[in-house]
Amino acid sequence: MGAVYVAQLLFVVTPTLPTLGGYVYIAPGLVFSKLFVLATALLVLHASEKYIREHTRPLLEYPIIIATGVLLLLVLVASNNLMTIFFTLAGFSLALYILVLFDVTERSAREAALKYFYLSALSAGLLLMGIFLIYSVAGSANYFAIDTFFFGRKLDYDTRLTVCYAIAFILFGFFFKLSAFPGHLWAPEVYEGSPTPVLAFFVLPVKVAIFLTFIRVLNTALSALSQFWMPFVAFAAIGSLLWGALAAVNARKVTRFLAYASINQMGFLLLGAALDTYGALRATYIYLLLYAAMTGGFMLAYQHIDRADGRALTFLSDFCGLASADRTVC
């Protein structure tokens, strides 16, 4: 599939148009976005090699579930309808429930799966309520139809209130999936209870695809309503920056530290979205590339490096002495 996208970018003039009844959109930029998501997914599969090889039981279904989730993420990136977003988010969330619970004998895995399931169901309900409210006003869930309806239209008080609630619900649904403030509280426990390759799947292809979709929704479907969503996004950006940085101070486990670092990184990414300018969005996309490269490199190293006694690096203190010849642990 990646080879097809590369060939499409290099040798085929990709049209810019909606397809499948307007539910999916085709554009050269979206082809690059899909290729970006595929690259991060391949990185996750490579990082999963050791986990699959050393697991106590065969994990044939593991790459199949990963592939199914990535396929839904590609549809999510190309979505052109708010209902397409809802169904694809619900679809790959099912894959994530299974992946988090892969080590079912571990108590932490069972706890993480239940927490993620309950809170994900709550966020999906809020997202669906927001879509319903937007549909009740605009009469469509299509990106361009929504933008056309609200562009230059003067809204009365009741409509403005409905739109404000709708945007708040939609944004919270996205903030939960991005583990951005105030939908971030699930991340430390779920990351800690998940297998390391699943954690990499959370922080790489899932976040990349959802953030790309989030930016496109803001700047396509809701571009005429920027006065409503900009304060929410700015609040989430500042909250993510502060919470991620301050909470990470007391983190002792590597997985929890990664969760707080991920929340903090979302704050930087949301800053560009909150500014809503071409320069800010360009900087945001560059930062997203750097985030993927930085996080992917760390996850590869973390998956393949052990302590001197052969045990996994569980605590931050376990990194002490890794650069020395005898790898003495502090």
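Helices here are DSSP runs of H or I with at least four residues, and strands are runs of E with at least two, all numbered from the N terminus. Keep that in mind as you click along, since the stops are placed by helix and loop. The model is predicted, so to speak of local features pLDDT must be at least 70, side-chain atom pairs count only at pLDDT 80 or more, and totals for chains, interfaces and linings use all residues. Residues are numbered from 1 along each chain as its sequence is written, and side-chain values use heavy atoms, with hydrogens and water left out.

**Stop 1: the loop between α8 and α9**

Select Ser 179, which sits in the loop between α8 and α9. Its phi is near 50°, a positive value in a residue other than glycine. Most residues other than glycine have a negative phi, and most peptide bonds are trans. Is Ser 179 buried or exposed? With 0% relative accessibility, Ser 179 counts as buried. For this tour, buried means under 20% relative accessible area, exposed means over 50%, and partly exposed is in between (1.4 Å probe, protein chains only).

Stay in the loop between α8 and α9 and select Pro 182. The peptide bond leading from Phe 181 to Pro 182 is cis, and its omega is near 5°.

**Stop 2: rings around Tyr 116**

Now select Tyr 116 and show its side chain. Across the whole structure, a search finds 22 aromatic pairs. Rings of Phe, Tyr and Trp (its six-membered ring) pair if their centres lie within 6.5 Å; planes under 30 degrees apart are stacked, those over 60 are edge-to-face, and the rest are tilted.

Add Phe 176 to your selection. The ring centres of Tyr 116 and Phe 176 are 6.0 Å apart with planes at 25°, so this pair is stacked. Tyr 116 belongs to helix α6 (residues 107-138) and Phe 176 to helix α8 (residues 157-177), so the pair ties together parts that are 60 residues apart in sequence. Tyr 116 is buried at 2% relative accessibility, and Phe 176 is buried with a relative accessible area of 4%.

Next, add Phe 202. How do the rings of Tyr 116 and Phe 202 pair? Their centres are 5.4 Å apart and their planes stand at 85°, so the pair is edge-to-face. Phe 202 lies in helix α10 (residues 196-221) and Tyr 116 in helix α6, so this pair ties together parts that are 86 residues apart in sequence. Both Tyr 116 and Phe 202 are buried.

To see the wider cluster, select Tyr 97, Tyr 116, Phe 117, Tyr 118, Phe 176, Trp 186, Tyr 191 and Phe 202, which are linked by ring pairs.

**Stop 3: the surface of helix α6**

From that cluster, pick out Phe 117, which is in helix α6. Phe 117 is partly exposed, with a relative accessible area of 40%. Together with Leu 114, Tyr 118, Leu 119 and Leu 122, Phe 117 forms a nonpolar patch on the surface, with about 500 Å² of accessible area together. Patches are made of residues with over 30% relative accessible area and no salt bridge (like charges are joined within 9 Å, nonpolar side chains, namely Val, Leu, Ile, Met, Phe, Trp and Tyr, within 5 Å). Accessible areas come from the Shrake-Rupley method with a 1.4 Å probe, and for residues only the protein chains shown count as cover.

Then select Glu 111 and Lys 115, both in helix α6 and four residues apart, about one turn of the helix. Their side chains meet in a salt bridge at 3.0 Å, N to O. A salt bridge is a side-chain nitrogen of Lys or Arg within 4 Å of a carboxyl oxygen of Asp or Glu. Glu 111 is partly exposed at 40% relative accessible area, and Lys 115 is partly exposed at 33%.

**Stop 4: Arg 256 and its partners**

How many salt bridges does a search of the whole structure find? The search finds five. Select Arg 256 and Glu 189, a salt bridge whose closest N and O atoms are 3.5 Å apart. Arg 256 lies in helix α12 (residues 254-275) and Glu 189 in helix α9 (residues 187-193), so the pair ties together parts that are 67 residues apart in sequence.

Add Glu 192, whose side chain meets that of Arg 256 in a salt bridge (2.8 Å, N to O). Finish by adding Lys 253: Glu 189, Glu 192, Lys 253 and Arg 256 are linked in a network of salt bridges.
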